[in-house]
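User: Hi, I have a protein model open and I'd like some help reading it. Can we start with the charged side chains?
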Amino acid sequence: MFKKKNQVRSDAFVFCHGMLGFGEDELVNKFMPYWGGFSGSFVKRLQKQGYEATAPSFSSIGSAWDRACEVYASLTGTQVDYGIAHSKKYGHARFGKVYTEAKLPNWGKIADDGEIQRIHLLGHSFGGATVRMLSHLMAYGSVEERAVTPPDELSPLFAGGKGDWLKSVTAIAGPFEGTTVIDAIGILVPTLKVISFVGLANVMGNTPFRKIYDMQLTQWKITSDRDKRAHPLYIGHLGRVRKFWKSHDDCFWDLCLAGAKDLNEFLESNPDAYQFSISTDASKRKKNGNYRMKWTSFPPFIITGDMMGVYDYDRTLGQPLAEEWKASDGCSNTISALFPLDEPHAYYEDVKNDLKKGVWTAMPVWQGDHMDVVGVGGGAVFNPFKYRSYYKKYFNMLLSLD
């Protein structure tokens, strides 16, 4: 059913990309939508059905905190406020990009059916940590920021009390307990960081290329704002890059097991929103207890997944890992993507007739690799209807929630 002209529905959808991902404001998304890929854009499909939906653009390698602040500013059409306490702790600017237009101008306002507009918040991969952080801040705010910020300067995000502005939160292939891929690939990590921090961010991020793909690290003065003039003199300021590299205010730290442990000690379940997870698996167990990726997986994930499939000791935590940690989708460990262990959780098949807010409900495991689950893979090329059907049913389930 299509909405009438100017009618505002009380359900809206927000899709948050993962590490090294991109949003709808970047040109790359027009050629390959991150959400839907070869099966077609989920955002456009929902919009055609009359729902407000958006896939905001924000930092591709920033921390869960920074990314959550950026998503909030994008949705509300405000300047990114990373907080006084946070920015002082990590040594970057308090304020970031100015969003002159709200992605969801009706969010939190009364819709045509008499209820406030609430959002279904979905995050893929590290987007899972991002939506968890945003959900936490909406519900509880930040005690640290409230303690050091004058009330008239405090971002509404840090005030809390708006957990009910979210109707549901979904983490897709989101490593709640972290992922072993960061440590398992070993020597490849510094190479990946150089490509990300120096090549894509510091060099490409200060040229017209940033309009195609934006790493968005303006708070560190590493990249230029894609909507303003470029700062080519930023290129080569490796001292800033080095500071960011060592800060632990980035996705590489938040994704490792030790970093995820720090996140989990801070994050709390939002009692006002339904919470779901879709874990993923593209590996097979061998007789010796190790795991190998299925040959149908995306080639880079076969390499990383096979490394994860033999990894049995995490150096970031300094402890051995159970065999279950070897199963993965090539980036996220299947067991880690089920739910955060220290928060209320359940399996969908056990509670589907009695879903509760504040509880992480694990959906059946998706059989596919890390990007296949969002339609960016060979599976969606040969059978796009599989992905359209799956997400149509999933979105309808979300829409049926009270």
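Analyst: Sure. The whole structure holds 16 salt bridges. Keep in mind that this is a predicted model.

User: Which residue meets Arg94 in a salt bridge?
Analyst: Asp81 does. The N to O distance is 3.0 Å.

User: And where do those two sit in the chain?
Analyst: Arg94 is in the loop between α4 (84-90) and β4 (95-98). Asp81 is in strand β3 (residues 79-81). They are 13 residues apart in sequence, so the pair ties those parts together.

User: Are Arg94 and Asp81 buried or exposed?
Analyst: Both are buried.

User: OK, next pair. What does Asp227 bind to in a salt bridge?
Analyst: Lys97. Their closest N and O atoms are 2.6 Å apart. This pair links distant parts of the chain, 130 residues apart. Asp227 is in the loop between α9 and α10, and Lys97 is in strand β4.

User: Is Asp227 buried or exposed?
Analyst: Exposed, because its relative accessibility is 57% and the cut-off for exposed is over 50%. Lys97 is at 4%. That counts as buried, because buried means under 20%.

User: How far apart in the chain are Glu343 and Arg132?
Analyst: They are 211 residues apart. Glu343 is in the loop between β12 (319-320) and β13 (345-347), while Arg132 is in helix α5 (residues 126-140). They form a salt bridge, with the closest N and O atoms 3.0 Å apart. Glu343 is buried, with a relative accessible area of 7%. Arg132 is buried too, with a relative accessible area of 7%.

User: Which residues are joined into one network by shared partners?
Analyst: Glu24, Asp25, Lys103, Asp214 and Arg226. Salt bridges that share partners connect them.

User: Switching to helices. How do α9 and α10 cross?
Analyst: Two packed helices are described by the angle and the distance between their axes. Helix α9 covers residues 188-203 and helix α10 covers residues 238-245. Their axes come within 11 Å and cross at roughly 135°. The two helices are therefore oblique to each other.

User: What is the handedness of the α9 and α10 crossing?
Analyst: Right-handed.

User: Last one, the surface. Which residues make the nonpolar patch?
Analyst: Leu27, Phe31 and Ile212. The patch is about 330 Å². Leu27 sits in the loop between β1 (11-16) and α1 (28-31).

User: What does Leu27 count as, in terms of accessibility?
Analyst: Partly exposed, because its relative accessibility is 37%.

Conventions. Residues numbered from 1 in each chain as written. Predicted model: local features only at pLDDT ≥ 70, side-chain atom pairs only at ≥ 80, totals over all residues. Heavy atoms only, no water. Patch = residues over 30% accessible without salt bridge, like charges linked within 9 Å, V, L, I, M, F, W, Y side chains within 5 Å. Areas by Shrake-Rupley, 256 points an atom, 1.4 Å probe, with all protein chains shown as cover. Salt bridge = Lys/Arg side-chain N within 4 Å of Asp/Glu carboxyl O. Helix = DSSP H or I, 4+ residues; strand = E, 2+ residues; numbered from the N terminus. Buried < 20%, exposed > 50% of the residue type's maximum accessible area, 1.4 Å probe, protein only. Axes fitted to C-alpha atoms, helices over the stretch in contact; angles between N-to-C directions. Parallel < 35°, antiparallel > 145°, perpendicular 65-115°, else oblique. Left-handed = near helix turned anticlockwise from the far one by under 90°.
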